Amino acid sequence: MSDSRYAAQHAADPDEFVRVSDLVKIFGDVVAVKSVNLAVRRNEIFALLGSSGCGKSTLLRMLAGFEEATSGQIMLDGEDITAVPPYRRPVNMMFQSYALFPHMTVEANVAFGLKQEGVDRAEIHDRVFEALDLVQMAGYSRRKPHQLSGGQQQRVALARSLVKRPKLLLLDEPMSALDKQIRQKTQIELAKILEQVGVTCIMVTHDQEEAMTMAHRLAVMTEGQIVQCGTPQDVYAFPNSRFVAGFIGSTNLLTGTIVVDEPDHVAIECAELTRPLYVSHGVSEPLGMEVHVSIRPERLVVSRTQPQGEYNWAHGMVSHMAWMGSYALYQVRLDSGKVVEASVPSLQLAQSDAPGIDEEIFVSWDADSATVLAS
Amino acid sequence: MKGPNNTGRSLALGLGYFFLYAPIISLMVFSFNDSPLVTSWSGFSLRWYGSLLNDDALLSAAWLSFKIAALTATAAVVIGTWAGYVLGRMGRFRGFALYVGMLSAPLVIPEVVLGISLLLMFVEMRGTLGWPAENGTFTIWVGHVTLCMAFVAVVIQARIRDLDRSLEEAALDLGATPLTVFFRITLPLIAPALVSAWLLSFTLSLDDVVLASFLSGPGSTTLPMEVFSRVRLGLKPEVNALATLFILAVGTCVVLVNRLQWRKESESK
Amino acid sequence: MKPPALRDWMPSNRTLAVAPPFLWLALFLLVPFLLVLKISFAELQFGIPPYTALAEFKDEAIQLSLHLRGYILLFTDSLYLATYLNSLKMAAITTVCCVLIGYPMAYYIARSSPAVRNVLLLGVILPFWTSLLLRVYAWVGILRNDGLLNKLLMSLGIISSPLEIYRTDLAVYIGLVYAYLPFFILPLYANLVKMDLRLLEAAYDLGARPWQAFWRITVPLSRPGVIAGAMLVFIPSVGEYVIPEMLGGADTLMMGRVMWNEFFNNADWPMASAVTCVMVLLLLVPLALFQYNQVRQEEAARGARA
């Protein structure tokens, strides 16, 4: 669904906490952010997903207050914070490089924000250690940042950004500085902490796995605009465009013409397949229109025997097979010349007689495995 | 990968450093020469060091120079850091090129130009405003600060450029006003550069002959002026002694500061 | 006064924040120079100030008198012309010598390992911190007829009568190169040390020999450093006073000495001002080159950081 349609549908959402309306940022003659509309609910973890240069970081910086919006509005908990300087916003950010003050101890780093508020010493001490306990870094309070590992620095940075109990927490590529090994574990841990504390969070990342693991909802951005917004499952299963389909996970893209158009199903004639496609949901495009269809590799079933039915299967030859550990990736050259990818779980391969390279093969899929793309 | 040529390297560096240090060493060696003919060695002696201690003119000139140098360094660091910060942190603004131009002028313009211009201005001010009443410590100080602030600005600007901007942003994000950020985050982090800049200004001020000559008045003779007027007339062994003391003092300080910085840098790695 | 932290903040206070250092420079650099310009058009007179006023209000009219005596003398008197040309020539030769000696030094220092580099750099910086006056004085002791150099060469039997170097142009060249060498090495070193060595590796990988890689890659990339260093040597050398005065002969014509003499010995302020103005004019081109190079490096550094 497009973002404006979404916004319209949820206009009266009582849980809405952050609302970004028509936000634009222009640098010289470069339009970094083109009229973005966004609504984030209270206590929701929301991810902005996109590759570098898509405008997500600029958007985040505008939310933090480090960039002045060229036009548009940012509402937080009913208050317009568009023109409020960063040191007066109830917003805190965890930086990609963590930005821990090197000349201060861990304790001083976390206490810094509270000191600026004028909180009294006893309360600062309590809250600082409360935050450090949350991230399990209380024992390191006297160390300096350069004495900590990357993961430890991240926790301190998180504690520092949570100790002020901000209305909105911003995370800038939170996992980018960590090794791949510990990334997944940290993602889950971080999400748990955020849910435990109960804070609204907007994070920015280029790693779709990160977004899908941590976020309740995400928005895919490219070239300064949000192209799709929804829960990770929705966006993955029902991408609205070739861009989103290809950006999140990998997919097989087919092009064809609608030959049967019913409210609850459509059939598509496709030159790349010898049999028509049958999709089990209705589409808004009319009969005869050319559309694109996306089928995820894990939805393609591979077998040596010809499937039954008129629709949703094709014949071809295995051109390449890559063993990925938990699954195998088959590249199949169909009779039409089109190459598709199918991913087959290792379990299935072990149980049956797995086809090898240059062998003839059939690929088939369910009626609800294919999605018609809007663009 | 091929490294640089070793004989070429030894030759270039060896000759270069010999060229740089031969005069300094010769100065120091001949300060211990018993003969008043500086370059004819007649025996080891510390007499010239003794005569230094009795040389009132030289000592009072030295005291004045140290005072002016300390005042200059402090003022130059304040103004120069301000300028360096503006150049390093603020984006393009109208007149940026003019700003950079005016700031780099004292670095390269011959000191006689600066000296003449400032002196003429002070004379003019005396004529119209009646102030400053006479040239002396104040006028020399102004000249030195104008010269040194440009050097400070260069040093500080380079350091600030290398400073991670996200540290200042994080402080803002946590609720610190820009002023607080400057004093609690930026300044502590560039402190070593501030010290270097102070020492640099101190040295430049202490060593200046031209500006001091133009801008001094009755009773305000600086050390370089005193030394210069003496050596114009020939070689003077007390000057050798003075030079040796000076070189040893400066050399020790520079090496110490360098060791400290090197250790600090290795620590944070 | 608030120093701003980020460029978009407090735009109304921004001029307030940017202005003070600018004001100091305007007051103590720009205004004095404008004054010099004005006085260069004045005429010598007895009294205080020892020069005439530029504009006088007389008989209900403002009379502007621009005396051009100074300028005319400058351009017609062969001595002044010769001095200007000689200053430029000496500064140019000094710069070339600094490049020839300083480039290899800066290069080898930059390519050393960090610990060695630190020591070598310290070695270049140390003389810079010790008094220039005293070091030039040291050269007097070395270059005189009865100085160290001659004594050494004669005792080795290389020469039989002393080389007359002191009080000649050669002594001034030695002094200038000696004094300004660190000024050339440091900016060039700063540039060379930041060069990405992988560019050289890529060149070798593509078949270039070390000498070629040096000329085709290192040298062009080091251009801003060379320009900065060269200008830091050339421009001040043109107006140098102390070194020519201590080491040069009576016939070593340099602008710094002329300006000093006009001012102190002849008390001819308008003349000294005129000489100053023409000198600044002469230096405008290298000055502009220096500023332009600085701003370009500013922007490059800014761009790299963005």
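Here is a short chat about one sheet in chain A and about where the chains touch.

Me: Before we start, what makes a feature count in this model?
Reply: The model is predicted, so local features need pLDDT of at least 70 and side-chain atom pairs count only at pLDDT 80 or more, while totals for chains, interfaces and linings use all residues. Residues are numbered from 1 along each chain as its sequence is written, with chains lettered from A and ligands numbered from 1 in the order in which they are written.

Me: How do you know that β11(A) and β12(A) pair?
Reply: Two strands pair if DSSP finds at least two bridges between them. Strand β11 (residues 252–261) of chain A and β12(A) have 5 bridges, in the antiparallel sense, so they pass. One of the partners to look for is Val266(A) in β12(A), which bridges to Asp261(A). The two strands form a hairpin with 4 residues between them.

Me: What makes β12(A) and β13(A) partners?
Reply: Again it's the bridges: 3 of them join strand β12 (residues 266–270) of chain A to β13(A), running antiparallel. Ala267(A) has Tyr278(A) as its bridge partner in β13(A). That hairpin has 6 residues between the strands. Strands here are DSSP runs (E, at least two residues) and helices are too (H or I, at least four), numbered from the N terminus.

Me: Why are β13 and β20 of chain A called edge strands?
Reply: β13 (277–279) and β20 (370–373) of chain A each pair on one side only. The open sheet has 5 strands in the order β13-β12-β11-β14-β20 (chain A), with antiparallel pairing.

Me: Why is β12(A) called largely enclosed?
Reply: A residue is buried if 20 or more other C-beta atoms lie within 10 Å of its own, exposed if 12 or fewer, and partly exposed in between, with C-beta atoms placed from the backbone. In β12(A), 4 of the 5 residues are buried, so the strand is largely enclosed by the rest of the structure.

Me: How do you know that chain C touches chain B?
Reply: Residues are in contact if their C-beta atoms, placed from the backbone, lie within 7 Å. By that test, 81 residues of chain C are in contact with 73 residues of chain B. Helix α1 (residues 11–40) of chain C gives the largest share of its side, 15 residues.

Me: And what makes up the side of chain A that touches chain B?
Reply: The contact takes 17 residues from chain A and 16 residues from chain B. α3(A) gives the most to chain A's side, with 4 residues.

Notes. Two residues are in contact if their C-beta atoms, placed from the backbone, lie within 7 Å.
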